[in-house]
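Hi,

Here is the structure I said I'd pass on. Have a look, and my notes follow below.

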Amino acid sequence: MLEETKVLVVDDVPDIVDMLAEFLKLNGCHVFKAYNGQEATKVLNREKADIVIADIKLPDTNGISLLERIKLEDPTTPVIMMTGYFEPNILVESMKKGATDFILKPIEFDKLLLVLLRAKREKELLTEKLRIQDSLEDKKKIMLLNRELQNKIKELTAMYQISAKFNTVRVHEDVFEKVLEITKDIFEGRSAAYYIFDGEKEEIFPVRIIGDKGKMERRITFDGNLTKDLRSLKKHIELEDLFLVPLVIRSECIGFLGLEKKKNEKEKSAQEELFLLKLIAEKASTQIENKMLYESLFDSIIQTLNSLIISINRRDAYTQGHCGRVTRNSLKLANLMGLSDYERNALEVISPVHDIGKIGIPDSILLKPGRLTDEEYEIMKNHSLYGEEIISRFEILSNEAKIVRYHHERYDGRGYPDHLSSTDIPLSARIIAVCDAYDAMVTDRPYRKAMTKDEAVAEIIRCRGTQFDPEVADVFVDMIRREGQFKKGENG
Ligand SMILES: [Fe+2]
């Protein structure tokens, strides 16, 4: 029952130690001997004792101090105190300090055996209890960690969503509107707004709101210093019902992203929300900066294209007025047909240069006063390919270059260069095709007189569904008829 139990016996009387050791060995125990407190401590530092039997009086220390040290080191080690005299106070004291039991000298061995068995059992129970306690502690720790982990995952998911949503924002889109939509999505439908400064009144006011206007639509006043600080220090502001985080571009605060606060929100979750809101503001700032760069790049591209247009116009006077009119009509038509901002922008850029490929057509063909031969016409047709090639050199116009390529495709698939048909042809190209043909018809050419407005309109109607997209043709005809301002020769 006590086999393999490691027992430390501590007593200053060697005979008692030996006698006990003999008895314990007979019962299968491993025995360590010590004759004072110091030796006992040394043994315990070296060996792992399962039970300690110690005299209450030792030459260098008392047994209770030893008991305390043992319990401090390992609370599961049972300590049996030995004493020659029954001293209730000392015994109570030792029990309070965690002694398992006590035995009186001279030792009654059968009684000692029972005490040892009980001590062994106590050791097992205490070890088990500690293990359970540890595992409960572990469980608590794990629960806590889990909660933290879940929060972290939630936060990371939100961060990922913010990044992913911003990655889908195209540079030509309304960034401010998008930023508010993203904010509303991330914060589960709460109202958001974009605020800018009113320098004179030292206040900020919303210029865009998404969600509950009533909550967001108000002017927020600061004292002069704060407004000054806000522009340079880029601090966030926390009001009772609103978070405001700055949008900073090139070290300058250009405004604030505002988010409606939750009612009775805990400090920790408010801090987490603020963190995400700042992340949105940071991404938004980058996006706005990109848009500004894009727009300035776009401007310089348009300037370059304009200089190309001038060079075409120098060669071919017809193209000069023609491109301007086609552009104006295309944009009007685009508005009537409800094209997106992006498509309208594309038309605005591309319409004036849709014939830019004519740069590559020899003068003998481009400027020929008479009708073109079949061979010359084949060469002339290349202008849509040349045009695409020129425009696609501007990387950000690679999509728009397709409009140039397809502006001579026909709805029935008999156009050029790729014989695309129906909606395979980009809508912008279908719009330019109608406006381009109409303008050519109502313009005097050296080899023929211009058609009247009615004749040209009739021709458009006749070719709806063959040359032209029927819907585009119908809206166009309706537009021209309603305008009713056409004067023959105006476009020549
Ligand atoms: Fe053309």
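The centres of domain 2 and domain 3, taken over C-alpha atoms, are separated by 46 Å. Keep in mind that this is a predicted model. The domain assignment puts domain 2 at 175–288 and domain 3 at 316–483, with domain 1 at 6–132.

I spent a good part of my time on the sheet that runs through residues of domain 2. It's an open sheet of six strands, antiparallel in its pairing, and the order is E8-E7-E6-E11-E10-E9. Which strands stand at the edges? They are E8 (220–221) and E9, and each has a single partner strand, so one side of each has no neighbour in the sheet.

Starting from the E8 edge: strand E7 (residues 203–210) runs antiparallel to E8, and two bridges join them. Glu203 has Thr221 in E8 as its bridge partner. Helix H6 packs on this sheet and touches E6, E7 and E11, with its direction at about 75 degrees to that of E7.

Over at the other edge, strand E9 (residues 237–238) is also joined to E10 by two bridges, again running antiparallel. Here Ile237 sits opposite Leu244 of E10. The two strands make a hairpin, with three residues between them.

E10 itself covers residues 242–249 and is mostly covered, with six of its eight residues buried. On its other pairing, with strand E11 (residues 252–260), there are eight antiparallel bridges. Ile249 stands opposite Glu252 of E11. That pair of strands is a hairpin too, with two residues between the strands, and Arg250 there takes a positive phi near 45 degrees.

That brings me to the backbone oddities. As a reminder, most residues other than glycine have a negative phi, and most peptide bonds are trans. So these spots are worth a glance on screen:

- Glu188 isn't a glycine, yet has a positive phi of about 45 degrees. You'll find Glu188 in the loop between helix H6 (175–186) and strand E6 (192–198).
- Ser422, also not a glycine, has a positive phi of about 50 degrees. Ser422 belongs to the loop between H15 and H16.
- Lys105 to Pro106 is a cis peptide bond, with omega near -10 degrees. Pro106 is in the loop between strand E5 (101–104) and helix H5 (109–167).
- Tyr416 to Pro417 is cis as well, with omega near 10 degrees. Pro417 lies in the loop between helix H15 (398–405) and helix H16 (427–441).

Are the two positive-phi loop residues Glu188 and Ser422 buried or exposed? Glu188 has 7 C-beta neighbours inside 10 Å, and the cut-off for exposed is 12 or fewer, so Glu188 counts as exposed. Ser422 has 13 such neighbours inside 10 Å, so Ser422 counts as partly exposed.

If you only open one view, I'd pick the E10 region: E10 pairs with E11 over eight bridges and with E9 over two. After that, the loop between H15 and H16 is a good stop, as it holds both Pro417 and Ser422.

Cheers

Key. Residues are numbered from 1 along each chain as its sequence is written. This is a predicted model: local features need pLDDT of at least 70, side-chain atom pairs count only at pLDDT 80 or more; totals for chains, interfaces and linings use all residues. Helices (H or I, at least four residues) and strands (E, at least two) are DSSP runs, numbered from the N terminus. A residue is buried if 20 or more other C-beta atoms lie within 10 Å of its own, exposed if 12 or fewer, and partly exposed in between; C-beta atoms are placed from the backbone. Two strands pair if DSSP finds at least two bridges between them. Two residues are in contact if their C-beta atoms, placed from the backbone, lie within 7 Å. Axes are lines fitted to C-alpha atoms, for helices over the stretch in contact, and angles run from 0 to 180 degrees between N-to-C directions. Domain bounds come from an automatic or database domain assignment.
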